[in-house]
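Reader: Hello! I would like a close look at the pockets of this model, with enough of the surrounding fold to place them. Could you walk me through that part?

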Amino acid sequence: MSIGEVIAVASDEKHNFSKIVKHEITLLANFGVEGDAHAGETVQHLYDKKKTPGLSNLRQVHLIQSELFIELKKKDIKVLAGQMGENVVTGGIDLLRLPLDTILRIGNVTLKLTGLRKPCYKLNTIHPNLLESVIERKSDGTLRYKSGVMAVVITGGIIRQGDSISITKPLAKHKELMPL
């Protein structure tokens with residue numbers, strides 16, 4: 001059952017904040033996006049790599065919902081695909097409300113959600129109010145991050161704009177995605 005689609009894909013071989021929009025990206029099982037600086041079996045995020053270099057890489061693929069761009073545009077903040085460092089821009093899926101270990105199938109690619117993308121101060125290089133615009137304070141005082149989700153690659157393959165996305169939620173009791 002298709003419930004969403006790929007709006008854009010992006011990658012960058014360097015540790016730049018933004019990524020370059022591509023026609024397609026190749027995902028490698030247990031590794032991430034081929035040729036992307038954040039791909040690897042162990043953590044590749046520069047800050048985390050210094051602290052815990054041997055830790056498993058739970059941030060192999062960064063997905064963000066295109067609906068966030070629409071929400072930001074209403075606040076006069078224009079964000080383009082790839083600009084927030086994401087590899088896959090989705091449409092029609094509320095990624096933030098999916099539980100931990102949700103499976104996304106995009107063509108022959110299988111991804112498993114591992115957590116929320118914790119936003120970084122570098123977002124303000126795109127727009128001075130972007131960081132505060134992707135953090136929402138809930139009524140109980142906790143924060144809700146809206147800057148996308150992270151995943152690992154279970155089955156590799158090619159992802160292109162227009163590919164359909166299907167979702168399979170875990171059978172066990174659902175656990176909320178936590179920031180990574």
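**The pockets and their setting**

Author: Happy to. Helix H1, which covers residues 46-51, contributes the most to the lining of the largest pocket, giving three residues. Please keep in mind that this is a predicted model. The volume of the largest pocket comes to about 600 Å³. Its lining holds 22 residues, and those closest to the pocket centre are Phe17, His38, His45, Arg59 and Cys120. Sorted by class, the lining of this largest pocket splits into nine nonpolar, seven polar and six charged residues.

Let us move on to the second largest pocket, which encloses about 230 Å³ of space. Here the leading contributor to the lining is a strand: E10, residues 143-145, supplies three residues, the most of any element. Those positions appear in the lining as Leu143, Arg144 and Tyr145. Also in the lining are Leu96, Arg97, Leu116 and Lys138, together with the run Glu176, Leu177, Met178 and Pro179. By class, the lining of the second largest pocket has seven nonpolar and four charged residues, with no polar ones. For the largest pocket, by contrast, the count of polar residues is seven.

Now for the fold around these pockets. The chain's secondary structure consists of three helices and 13 strands. One group of strands forms an open sheet of three, in the order E4-E3-E12, and the pairing is antiparallel. Strand E4 (32-33) and strand E12 (157-160) are the edge strands, each with a single partner, so one side of each has no neighbour in the sheet. Strand E3, residues 24-28, pairs with E12 in the antiparallel sense through four bridges. Within that pairing, Thr26 lies opposite Ile158 of E12.

Finally, the chain as a whole. A compact globule of 180 residues would have a radius of gyration near 16 Å, and the chain, at 15 Å, agrees with that. Along the principal axes, the C-alpha trace extends about 35 × 35 × 30 Å. Of the 180 residues in the chain, 47% are buried. Among contacts with a separation of 6 or more, 69% join residues 24 or more positions apart.

To bring this back to your request: the largest pocket takes the most lining residues from helix H1, while the second largest takes the most from strand E10.

How values were computed
Residues numbered from 1 in each chain as written. Predicted model: local features only at pLDDT ≥ 70, side-chain atom pairs only at ≥ 80, totals over all residues. Heavy atoms only, no water. 1 Å grid on protein atoms, 1.4 Å probe; cavity = no way out; pocket = protein on both sides within 12 Å on 5 of 7 lines; lining within 4 Å. Points joined across faces, edges and corners; volume = space filled by probe spheres on them. Helix = DSSP H or I, 4+ residues; strand = E, 2+ residues; numbered from the N terminus. Nonpolar A, V, L, I, M, F, W, Y, C, P; charged D, E, K, R; others polar. Pairing = 2+ DSSP bridges. Rg over C-alpha atoms; globule rule 2.2 N^0.38 Å. Buried < 20%, exposed > 50% of the residue type's maximum accessible area, 1.4 Å probe, protein only. Contact = heavy atoms within 4.5 Å.
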